[in-house]
Amino acid sequence: MATLVSVNVGMPKDVPWRGRTVHTGVWKHPVEGPRRVRRLNIDGDGQGDLAGHGGEMRAVLVYQLDSLRHWARELDRDDLNPGCFGENFTVDGLPDDEVCVGDRYRVGGAVFEVTQPRVTCYRVGLRLDEPRMAALLVAHRRPGFYLRVVQEGEVAAGQEITKVADGPEGMTVAEIDGLLYLPGHRREQVERALRIPALSPGWQASMRALRDADERGGAGGGNAGLTEPAAAPPAWPGFRPLRVTEVRAESATVLSLGLADPEGRPLPRALPGQFLTVRLRPGPEAPPLVRSYSLSGDPGAGGYRISVKREPDGRASRYLHAHAAVGGELESAAPRGTFRLAEGDDPVVLASVGVGATPVLAMLHALAGSGSGRPVWWLYGARDGGEHPFAAESRRLLAALPAATTRICYSRPRPADRLGTDYTDAGRLTPALVGGLGLPAAAHAYVCGPAGFMDDLTAALAAAGLDPSRVHTEPFGSAAAITPGIGAPAAARAPHQPPGEPGTGPAVTFARSGLTVPWRPEREATLLELAEACDVPVRWSCRTGVCHTCELSLLAGSVAYSPEPVEPPAEGNALICCSTPAQGPEGVVLDL
């Protein structure tokens with residue numbers, strides 16, 4: 001018979017960590033006497049990061065006394081007491097390799113249902129002063145698990161835990177945890193997990209992603225349950241020369257460059273929505289400039305086209321506008337990116353402003369070129385006709401689609417711009433306009449533009465009934481940071497050289513941030529730490545190579561891991577939370 005050894009609670013608090021402040025509820029402490037368990041938590045308890053913890057499906061965290069003893073031996077510690085793993089219930093019994101998702105238990109006056117394993121994140125390591133802990137919990141198959149409160153009631157230490165129902169499929173917490181985080185995802189296991197109604201929505205989404213990747217063949221490798229999978233490995237490693245075959249002005253500020261193989265062979269097909277990263281050498285003594293530009297042309301044309309807006313302070317864009325010429329060459333990495341048109345027959349919404357039209361224009365090319373009958377909404381905003389790139393091209397492509405709807409918004413139309421011909425609406429492309437279009441809930445929407453525009457359109461599309469998983473965005477620059485428990489600084493700094501003495505190691509280039517920094521092994525232990533020292537926006541959660549939140553494209557060079565990740569990233573990618581640049585003259589170029 002299992003027993004509730006300790007009830008542990010604690011409210012979130014701010015904790016100093018590496019020069020920053022983390023808001024966390026991982027500090028839990030035993031309490032005396034009965035406590036009432038409610039739908040979202042226990043009286044006196046709270047969670048600091050509701051994106052990863054808490055809520056109805058993660059109301060109570062359970063950890064076992066046997067696991068505390070295991071870690072005391074493994075880590076040679078004598079201070080591992082109830083609550084120190086952030087758990088609400090410390091129990092004697094209920095091991096992770098026996099408890100099944102969907103099992104129901106009665107404790108005191110309350111009834112609970114097992115919903116998922118613990119989510120791996122860095123905060124349990126912060127609490128224990130053991131940075132490897134997130135990876136160790138997975139590797140040792142001792143994650144602990146969450147409970148949903150089926151019946152509210154009072155519980156107290158010392159009470160017996162009685163099983164009242166078995167979960168369907170009989171899949172243990174350890175089995176489902178390993179299915180997501182460890183290599184070797186068997187289709188039969190994934191299908192079983194998806195048949196468990198109690199499994200939390202987040203884990204169900206991860207299981208569906210694993211199943212869908214298996215159906216596609218998983219050509220790109222990696223873990224589709226943790227990160228958006230690549231359709232295939234990059235077509236070539238590092239950078240290679242491409243010849244400029246065309247230079248064409250698309251508007252007053254946008255220039256298109258056609259690119260081809262110097263030997264005349266067809267280039268590997270890119271997927272509609274992907275981007276190219278180019279390396280420019282503005283002078284023999286000047287450092288190279290590395291920038292990424294969306295592919296804007298027909299994906300099946302045998303060559304590539306990028307379109308570049310001239311920015312007043314953009315060194316790379318000004319260089320290309322001034323010096324790109326037919327017959328010249330650009331160094332380019334292979335097409336990459338997970339912002340790409342989904343196959344199928346579902347309706348499609350392509351929404352953009354300004355030069356954000358480039359990736360969705362490639363999608364429009366793909367739809368028109370295939371003779372697609374899918375309903376398509378082309379939503380675009382510009383200042384006026386002089387700032388409207390691809391106007392004639394997009395009209396021609398839309399005319400080839402039998403079920404296309406067009407809304408072109410000019411915020412400040414010129415007298416020469418013709419309402420009903422050049423544009424359909426005076427004013428900006430607004431959420432109100434989008435909300436009034438009657439978009440079908442089954443549509444996939446692709447949105448590209450400045451961050452504020454994408455945030456507003458994403459909210460409008462959700463309000464119109466689209467599932468958030470069907471709304472895909474592509475930022476102009478770096479993706480929004482993910483730093484659990486750490487809020488954004490009041491005044492975010494632009495990426496910069498790190499403070500202190502410059503490094504002497506290989507060059508590390510953050511392509512989206514336009515920054516190249518010498519590696520400093522004496523100061524930073526990982527590429528993630530170097531990016532943080534430069535205020536480059538980063539995304540992470542576990543910091544030990546488990547969750548893959550930090551996974552990104554490795555555009556050039558190679559990395560070394562320490563520790564080795566629990567499961568390797570997709571081919572052509574890197575996990576920056578546990579890697580360093582491998583020694584070599586080229587250094588590394590990261591899509592960051």
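A polar contact is here a pair of N or O atoms within 3.5 Å, and within protein one of the two must be able to donate a hydrogen and the other to accept it, while residues adjacent in sequence count only if both atoms are side-chain atoms. The side chains of aspartate 425 and threonine 424 form such a contact, at 2.6 Å. The model in which this pair is found is a predicted one, and the walk through it can begin at this aspartate.

Aspartate 425 belongs to strand E22, which covers residues 425-426, and with a relative accessibility of 16% it counts as buried, because the limit for that class is under 20%. A second polar contact of its side chain, 2.8 Å in length, leads to the side chain of arginine 407. Arginine 407 is also among the residues that aspartate 425 touches once those up to four places away in sequence are set aside, a list that further holds Ile408, Cys409, Tyr410, Leu419 and Leu433. From aspartate 425 to phenylalanine 145 the separation is 280 residues in sequence and 53 Å in space, taken from C-alpha to C-alpha.

Phenylalanine 145 leads on to valine 60, since the two are in contact. Beyond its neighbours within four places in sequence, valine 60 is in contact with Phe145 and also with Val37, Ile42, Asn88, Phe89, Phe112, Tyr146, Leu147 and Val149. Valine 60 is one of the residues with the most contacts inside the largest nonpolar core, which has 47 residues, and the others named with it are Phe89, Phe112, Val155 and Met207. Helix H4, spanning residues 173-181, supplies the largest share of this core, namely five residues. Apart from this core lies another, of 33 residues, which includes Trp27, Leu126, Phe510 and Cys550.

Threonine 90 sits in strand E7, made up of residues 89-92, and its relative accessible area of 0% places it among the buried residues. Its side chain makes two polar contacts with other side chains: one with asparagine 8 at 3.0 Å, and one with glutamate 87 at 2.7 Å. Asparagine 8 appears again in the list of residues in contact with threonine 90 when neighbours within four places in sequence are left aside, together with Thr3, Leu4, Val5, Ser6, Tyr63, Leu65, Leu68, Pro82 and Gly83.

Further along the chain, five strands form an open sheet of mixed pairing, in the order E26-E25-E31-E27-E29. Strands E26 (515-518) and E29 (573-575) stand at the edges, and each has a single partner strand, so one side of each is left without a neighbour in the sheet. On average, neighbouring strands of this sheet are turned by 35° against each other, direction ignored. Within the sheet, strand E27 (residues 551-556) and strand E31 (residues 588-590) run antiparallel and are joined by two bridges; alanine 556 has valine 589 in E31 as its bridge partner.

The cysteines remain to be considered. A disulfide is a covalent bond between the sulfur atoms of two cysteines. With a cut-off of 2.5 Å between the sulfur atoms, the count of disulfides comes to zero. Cysteine 534 is buried at 0% relative accessibility, and its sulfur lies 16 Å from the closest cysteine sulfur, that of cysteine 550, which is too far for a bond. Cysteine 577, likewise in no disulfide, has the sulfur of cysteine 550 as its nearest cysteine sulfur, 3.7 Å away, and this distance is not within the 2.5 Å that the cut-off requires. Cysteine 577 also counts as buried, because its relative accessibility of 7% falls under 20%.

Definitions and conventions: Residues are numbered from 1 along each chain as its sequence is written. This is a predicted model: local features need pLDDT of at least 70, side-chain atom pairs count only at pLDDT 80 or more; totals for chains, interfaces and linings use all residues. Side-chain values use heavy atoms; hydrogens and water are left out. Two strands pair if DSSP finds at least two bridges between them. Helices (H or I, at least four residues) and strands (E, at least two) are DSSP runs, numbered from the N terminus. Axes are lines fitted to C-alpha atoms, for helices over the stretch in contact, and angles run from 0 to 180 degrees between N-to-C directions. Buried means under 20% relative accessible area, exposed over 50%, partly exposed in between (1.4 Å probe, protein chains only). Contact means heavy atoms within 4.5 Å. A nonpolar core is a set of buried Ala, Val, Leu, Ile, Met, Phe, Trp, Tyr and Cys residues joined through side-chain atoms within 4.5 Å.
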